[in-house]
Structure formats: structure tokens, C-alpha cells
Amino acid sequence: MADDATVMAEFVRRKSIWEHLVAEGGSPPQLSATELRDCGVVGGQQGIWRNQERTRDLTEQGNGVTVSVMHKAGRYSDEITVDGMDYHYPVTQRPGRTDEAEIDATRSAGELGLPVFIVTDSGAEGRVVQLGAVRGANDSTQRFFIAFLDQWPQTLLPWTLSLQESPAPYGKPLHRRQLFRFKAIEYYGAQCSVCDVKVTDLLDATLLIAQRAPGTDDPRNGLVLCANHRKAFELGLFAIDNDNISVNFRAGMSAELLGITVQSLVGLAMKPNLAALEWNFKRWKGH
């Protein structure tokens, strides 16, 4: 990776671009494709723009660092929320290692803590630009998590920092719900912990110890569950006994009624934290 001064110079350059966008296109900026290309935000129609000529020296392999990602409405389902977006790795038929280079460049943006521009095509009205920070990469599901930012950060914030360690340079907390989901799927894998659902878009994550308790954003303080079983878990219809990690049901409930297909979490390759399970199970039994 490049030295700190070189990375900071790129940080300052991107800040200057953002200030120009806001001055010309409002907040959030809305500009034409030509205007965005002229100020270096995009380089064409590709989904990931890394301006390799300018940013190649920021990385050891010379793949550059992603400047912007393009999101086209309707391309993928349920990938954008108010907090951020799950951005799919590029899978194209372009020659050479273009896809791999763009994935590496986007990963580098997160590791270096450089903000990226998220460009959304809004049709005839032009393109809307938002600020984002790459917060994680999951090779098994082939997705990045990019958090939306309220304002330009005060400093670089590499993704290796935990949320608790963050100096909070962004406009609000870094979107814990969706980032926690992303990290939990990365840790446990893309499958519901208590049934056979493996479709990533149908998966969510739930905390064992609530943050207000206070819990942590560590993925071991949670479980990956499909949308139905997340709701059932949070309603207290079932819980996990920390002694033998077996599935226990509230009176009147059963595995058959809830569509649960496992008796325990023993089959999980990665296990939740036992202290977190104990806290959750004791709380469940007390209700």
C-alpha cells in the first residue's frame, strides 16, 4: 500500500470533487453523466470506476482504488436500504482480469479508508451521487457492504477499525443493523441457522445480547436467520439453550409449526459466543 501522505492526498482530492458536486448539483448532487465524467467521478458505463492511471500507485499490485460504483435500479433485488447497500462483485465477460482488478480496487478503498461515490441512474433527470464507505467484503456471497455517509468524513477510516473504536467522523453511527448482517453472514455463511434457506437476499441477522444491554457488533453475538425465523426468534417463539445449543420452543410452538429443520446448532461450522447465548437464554426463560 502507498504511504500515508499519498493516501491523504487522494482523500483531499476526493473531498474537493465532492465539494464541487454539491456546489453544482445540490445535496445530494444530481448531475448529468457528462458532468460527472468531466469532474472525474465516473469514466464510462462500467459499474466500478477506479481511475487506474491516477490511483494505481496507491496499491501494491497497481489495480488502483475504486472512485465510484454505479447502481442501476432494478438490477438486483433488495440491495439498497437507507443505511447502505450490498454491492455485488462484477461478473462479466470482459477480457483479462478486469473483474478481479475492480474487486481488488474496491477492497482497497475500504482498507485505506477512502470514501467512494455511489452513482444512481435516475433516468432523464440525470444521476444522483451519494457518499459511501466500503465496510466489508464477503467472497462467499460475492458482495461488498458500502455504508452511506451523511457528510464528508473528517479523516480516513479503514474498515479494520471496529465500530466501537471509530472516532465517529461520519455524520451518524455506521449503520449497525445492515453492517452487522453483512458481518454475520461473512462469519457463519449464507444459510439460516435453523432451516435450509440459503438465498442471501432472504437472510438477516439477529443479536443475542441487544446493543442497549449493552451488546457488541461482533458477529458471534448473533445468528444468521431467514426473515421468518429472525422474527420468530425476536418474538421469543424459540431460543437456543447455551448448555447444549439445542433449539427450545415456547409453549404451543414446535419445530413443525415454525418450519425449523434442526434440533440444535451443533451442525454450524462457526458457533455463537456461549456467554451471549447464556444471556439470551436466561432472558428468554424469564419471560
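Helices (H or I, at least four residues) and strands (E, at least two) are taken here as DSSP runs, numbered from the N terminus. The structure is a predicted model, in which local features need pLDDT of at least 70 and side-chain atom pairs count only at pLDDT 80 or more, whereas totals for chains, interfaces and linings use all residues. Residues are numbered from 1 along each chain as its sequence is written, and side-chain values use heavy atoms, with hydrogens and water left out.

A convenient place to start is helix 4. This helix covers residues 98–112, 15 residues in total, and spans 21 Å from its first C-alpha to its last, close to the 21 Å expected at 1.5 Å a residue; the expected span is 1.5 Å times one less than the number of residues. Its buried residues (under 20% relative accessible area; exposed is over 50% and partly exposed in between, with a 1.4 Å probe and protein chains only) are D99, A101, E102, I103, A105, T106, S108, A109, G110 and L112. Taking contact as heavy atoms within 4.5 Å, these buried residues pack against helix 1 (4–25), strand 2 (48–49), strand 5 (116–121), strand 6 (127–138) and strand 7 (143–149). Just after helix 4 comes G113, with a positive phi near 80 degrees.

Helix 4 also contributes to the largest nonpolar core (a set of buried Ala, Val, Leu, Ile, Met, Phe, Trp, Tyr and Cys residues joined through side-chain atoms within 4.5 Å). This core has 40 residues, of which L21, L36, V41, L114, F117, F144 and I146 touch the most other members. At least two of its residues come from each of helix 1, strand 2, strand 3 (68–71), strand 4 (84–88), helix 4, strand 5, strand 6 and strand 7. Leaving aside residues up to four places away in sequence, L114 touches V7, E10, F11, R14, L58, V65, A109 and L156. Another core, of 28 residues, lies apart from it and includes Y188, C195, F238 and L258.

Turning to charged pairs, the model holds 14 salt bridges, each a side-chain nitrogen of Lys or Arg within 4 Å of a carboxyl oxygen of Asp or Glu. One of them joins D201 and R143, at 3.0 Å from N to O. This pair links distant parts of the chain, 58 residues apart: D201 sits in the loop between helix 5 (176–188) and strand 8 (203–207), and R143 in strand 7. D201 is partly exposed at 27% relative accessible area, whereas R143 is buried at 8%. Both belong to a salt-bridge network that links D86, R143, R181 and D201.

Other salt bridges lie within a helix. In helix 6 (residues 227–234), E234 and R230 are four residues apart, so about one helical turn separates them; their closest N and O atoms are 2.7 Å apart. E234 is partly exposed, at 40% relative accessibility. In helix 8 (residues 274–286), K282 and E278 are likewise four residues apart and therefore separated by about one helical turn, with 3.1 Å between their closest N and O atoms. Here K282 is exposed at 53%, and E278 is partly exposed at 31%.

Finally, the structure holds zero disulfides, a disulfide being a pair of cysteine sulfur atoms within 2.5 Å. C192 is in no disulfide, and the nearest cysteine sulfur, that of C195, is 3.5 Å away. C192 is buried, at 2% relative accessibility, and C39 is also buried, at 18%.
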